[in-house]
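Please look through the sequence and the model shown here before reading on. The report that follows takes up the strands, their pairing, the packing around them and one residue ahead of them.

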Amino acid sequence: MTEPRRLAPPWQVVELAATFRIDDASGQPVAWIHFAENPGQPSCTERLSKDEARLAATRVASLPALESARMEIQQERDEARAAAARKR
């Protein structure tokens, strides 16, 4: 079985015309979040406002850091459980 493809952290947000693109550390696009240039103009696409899209893009870009922190916490818990089991 092949290893799953990894998208290298850190991820960064790149602003383009009416779009925020999230790239991994190697420049590989991870996601695109589109926004309305004119939020007051009626649109059938119902896109996010630029501020909403920026917030969403920033949160997506922070996912690798959150996963890394979660893994560190899990490792600390596992080590604490192993130490407690050895004391028994």
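## Strands, core and surroundings

E2 and E3 pair in the antiparallel sense over five bridges, where two strands are said to pair if DSSP finds at least two bridges between them. The model is a predicted one, in which local features need pLDDT of at least 70 and side-chain atom pairs count only at pLDDT 80 or more, while totals for chains, interfaces and linings use all residues. Residues are numbered from 1 along each chain as its sequence is written, and side-chain values use heavy atoms, with hydrogens and water left out.

The chain holds two helices and three strands, and along the sequence these follow the pattern β-β-β-α-α. Helices (H or I, at least four residues) and strands (E, at least two) are DSSP runs, numbered from the N terminus. 

**The sheet**

The three strands form an open sheet in the order E1-E2-E3, with antiparallel pairing. E1 and E3 are the edge strands, each of them pairing on one side only, and the twist from one strand to the next averages 25°. H1 packs on this sheet, touching E1, E2 and E3, and its direction makes about 5° with that of E2; such axes are lines fitted to C-alpha atoms, for helices over the stretch in contact, and angles run from 0 to 180 degrees between N-to-C directions.

Strand E1 (residues 12–16) is joined to E2 in the antiparallel sense over five bridges. The table gives residues of the sheet that face one another across the paired strands.

| Residue | Opposite residue or bridge partner |
|---|---|
| Gln12 | Asp23 in E2 |
| Val14 | Arg21 in E2 |
| Leu16 | Thr19 in E2 |
| Ile22 | Ala31 in E3 |

Both connections in the sheet are hairpins. The hairpin of E1 and E2 has two residues between the strands, and in it Ala18 takes a positive phi near 60°. E2 and E3 form a hairpin with five residues between them, and Gly27 in the turn has a positive phi of about 90°.

**Burial and the nonpolar core**

How many of the five residues of E2 are buried? Four of them are, so E2 is largely enclosed by the rest of the structure. Here buried means under 20% relative accessible area, exposed means over 50%, and partly exposed lies in between (1.4 Å probe, protein chains only). Across the chain, buried residues make up 17% of the 88 residues.

In soluble globular proteins, nonpolar side chains tend to be buried together. In this model the largest nonpolar core has nine residues, namely Trp11, Phe20, Ile22, Ala31, Ile33, Phe35, Ala53, Ala57 and Ala61. Strand E2 (19–23), strand E3 (29–34) and helix H1 (50–61) are the elements that give two or more residues to this core, and the largest share, three residues, comes from H1. A nonpolar core is a set of buried Ala, Val, Leu, Ile, Met, Phe, Trp, Tyr and Cys residues joined through side-chain atoms within 4.5 Å.

Ile33, a member of this core, is in contact (heavy atoms within 4.5 Å) with Ala18, Thr19, Phe20, Ile22, Leu48, Ala53, Ala56, Ala57 and Val60, when its neighbours within four places in sequence are left aside.

**The aromatic pair**

Rings of Phe, Tyr and Trp (its six-membered ring) pair if their centres lie within 6.5 Å, with planes under 30 degrees apart counted as stacked, over 60 as edge-to-face and the rest as tilted. By this rule the count comes to one aromatic pair. Phe20 and Phe35 form this tilted pair, at 5.1 Å centre to centre and with 35° between the planes. The pair links distant parts of the chain, since Phe20 is in strand E2 and Phe35 is in the loop between E3 and H1, 15 residues apart. Both Phe20 and Phe35 are buried.

**Ahead of the sheet**

Pro9 has its place in the segment before E1. Is Pro9 buried or exposed? Pro9 is exposed, with a relative accessible area of 51%. Leaving aside its neighbours within four places in sequence, Pro9 is in contact with Ala25 and Pro64. The C-alpha atoms of Pro9 and Asp24 are separated by 5.8 Å, although these residues lie 15 residues apart along the chain.
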